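Reader: I'd like to go through this one label by label. Can you tell me what stands behind each term?

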Amino acid sequence: SHNPTLRIYENIISENNKEIEKIDMLDELNTCCEDPDLIFDRFYNNMTVKEIALSRGVCSETIRVKINKNLSKLRLKMAKLSV
């Protein structure tokens, strides 16, 4: 019932405390993130870093780094779009 784009947007904002333009997040995730599923699990399914790490068989630090990398790309893309 909840709009996935809005939910991902709100969760990313609350975690990062930075403005990201409200655009079609799902579209952007798929086009500019190396690992859209990761961002989807973290911010739509509200999985913890630890849960994602366990499900993928890697350490939490790996997931944390990947999330930050994907969010940086997302932020760059948002910044370009809002110019």
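Reader: To start, how many aromatic pairs does the count come to?

Author: The count comes to one aromatic pair. The rule takes rings of Phe, Tyr and Trp (its six-membered ring) with centres within 6.5 Å; planes under 30 degrees apart are stacked, over 60 edge-to-face, and the rest tilted. Bear in mind that this is a predicted model, where local features need pLDDT of at least 70, side-chain atom pairs count only at pLDDT 80 or more, and totals for chains, interfaces and linings use all residues. Residues are numbered from 1 along each chain as its sequence is written, and side-chain values use heavy atoms, with hydrogens and water left out.

Reader: What makes Arg42 count as lying over the face of Phe43?

Author: A charge sits over a ring if NZ of Lys or CZ of Arg is within 6 Å of the ring centre and within 35 degrees of the ring normal. Arg42 is at 5.4 Å from the ring centre of Phe43 and lies over its face.

Reader: Why is α3 called largely enclosed?

Author: Because six of its eight residues are buried, which means under 20% relative accessible area (over 50% is exposed, in between is partly exposed; 1.4 Å probe, protein chains only). The buried ones are Pro36, Leu38, Ile39, Asp41, Arg42 and Phe43. Helices such as this are DSSP runs of H or I with at least four residues, strands are E runs of at least two, and both are numbered from the N terminus.

Reader: What makes Asn45 partly exposed, and Asp35 buried?

Author: Asn45 has 37% relative accessibility, so it falls in the partly exposed class. Asp35 has 13%, so it is buried. Both are in loops: Asn45 between α3 (36-43) and α4 (49-56), Asp35 between α2 (25-32) and α3. Leaving aside neighbours within four places in sequence, Asp35 is in contact (heavy atoms within 4.5 Å) with Arg56, Lys66 and Asn70.

Reader: Why does Cys33 have no bond to Cys32?

Author: A disulfide needs two cysteine sulfur atoms within 2.5 Å. The sulfur of Cys33 is 4.6 Å from its closest cysteine sulfur, in Cys32, so that is too far for a bond. A search of the whole structure finds zero disulfides.

Reader: And what goes into the largest nonpolar core?

Author: A nonpolar core is a set of buried Ala, Val, Leu, Ile, Met, Phe, Trp, Tyr and Cys residues joined through side-chain atoms within 4.5 Å. The largest has 21 residues, and Ile12, Ile39, Ile67 and Leu74 have the most contacts inside it. α5 gives the most to this core, with five residues.
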